[in-house]
Amino acid sequence: MDRYGQGKTVSYTELCELISLISTASKGDVSCVIDGLIQVMKQELLKGSVVHLGEFGKYRMVAGSRGVEEESDFNASLFKKGRIVFTPGTELQETRSKLSFRKLDVKTVEKECDLPHAL
């Protein structure tokens, strides 16, 4: 398990390598395209665009603010930090239906400590 309680974490480098194995692009080509995608997505999200990535899904920026009773009391400091929301495409959503759960056996081990310690 990784630190998120999940299975193995796939690094960016590993991801680029795995994609290169199933395509004609090299690992460097894949990395270059992903890096370019991130730059374009940043620009478009800041413009307020929704970025559609086909079956991968879509990204959009959302922001909100705390409410006030009087319009004159409203100012920019009331805005909360913006968030990027990802909505997976159909194929990724279908992956959830393949998820399975099983009960793990918990073993209790009792061992007396033989190291000196203070109370």
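This report describes one helix, one pocket and two residues of a predicted model.

Residues are numbered from 1 along each chain as its sequence is written, and side-chain values use heavy atoms, with hydrogens and water left out. Because the model is predicted, local features need pLDDT of at least 70 and side-chain atom pairs count only at pLDDT 80 or more, while totals for chains, interfaces and linings use all residues.

**Helix α2**

Helix α2 has 21 residues and spans 31 Å from its first C-alpha to its last, close to the 30 Å expected at 1.5 Å a residue (the expected span is 1.5 Å times one less than the number of residues). Helices here are DSSP runs of H or I with at least four residues, strands are runs of E with at least two, and both are numbered from the N terminus.

In α2, the residues Val30, Ser31, Ile34, Met41 and Leu45 are buried, where buried means under 20% relative accessible area, exposed means over 50% and partly exposed lies in between, using a 1.4 Å probe and protein chains only. Seen down the axis of α2, these buried residues fall within an arc of 95°, so they line one face of the helix; the arc is taken from the directions from the helix axis to the C-beta atoms. On the other side of α2, Cys32, Val33, Leu46 and Lys47 are exposed. The buried residues of α2 pack against α1 (12-21), β1 (51-52), β2 (57-62) and β3 (83-88), with contact meaning heavy atoms within 4.5 Å. Just after α2, Gly48 takes a positive phi of about 95°.

**Two residues side by side**

The contacts in the table leave aside neighbours within four places in sequence.

| Residue | Element | Relative accessible area | Contacts |
|---|---|---|---|
| Ser31 | helix α2 | 18%, buried | Tyr12 and Cys16 |
| Arg83 | strand β3 | 54%, exposed | Arg60, Met61 and Val62 |

The C-alpha atom of Arg83 is also separated by 6.3 Å from that of Ala63, although the two residues are 20 residues apart along the chain.

**The second largest pocket**

Helix α2 (residues 27-47) also gives the largest share of the lining of the second largest pocket, namely four residues. The whole lining consists of Ile34, Leu37, Ile38, Met41, Leu53, Phe56 and Tyr59, and these residues divide into seven nonpolar, no polar and no charged. Ala, Val, Leu, Ile, Met, Phe, Trp, Tyr, Cys and Pro count as nonpolar, Asp, Glu, Lys and Arg as charged, and the others, Gly among them, as polar. The second largest pocket has a volume of about 160 Å³. On a 1 Å grid over the protein atoms alone, a pocket is an open set of points where a 1.4 Å probe fits, with protein on both sides within 12 Å along at least five of seven lines, and lining residues have an atom within 4 Å of a point.

Terms used:
Grid points are joined across faces, edges and corners, and a volume is the space filled by probe spheres set on the points.
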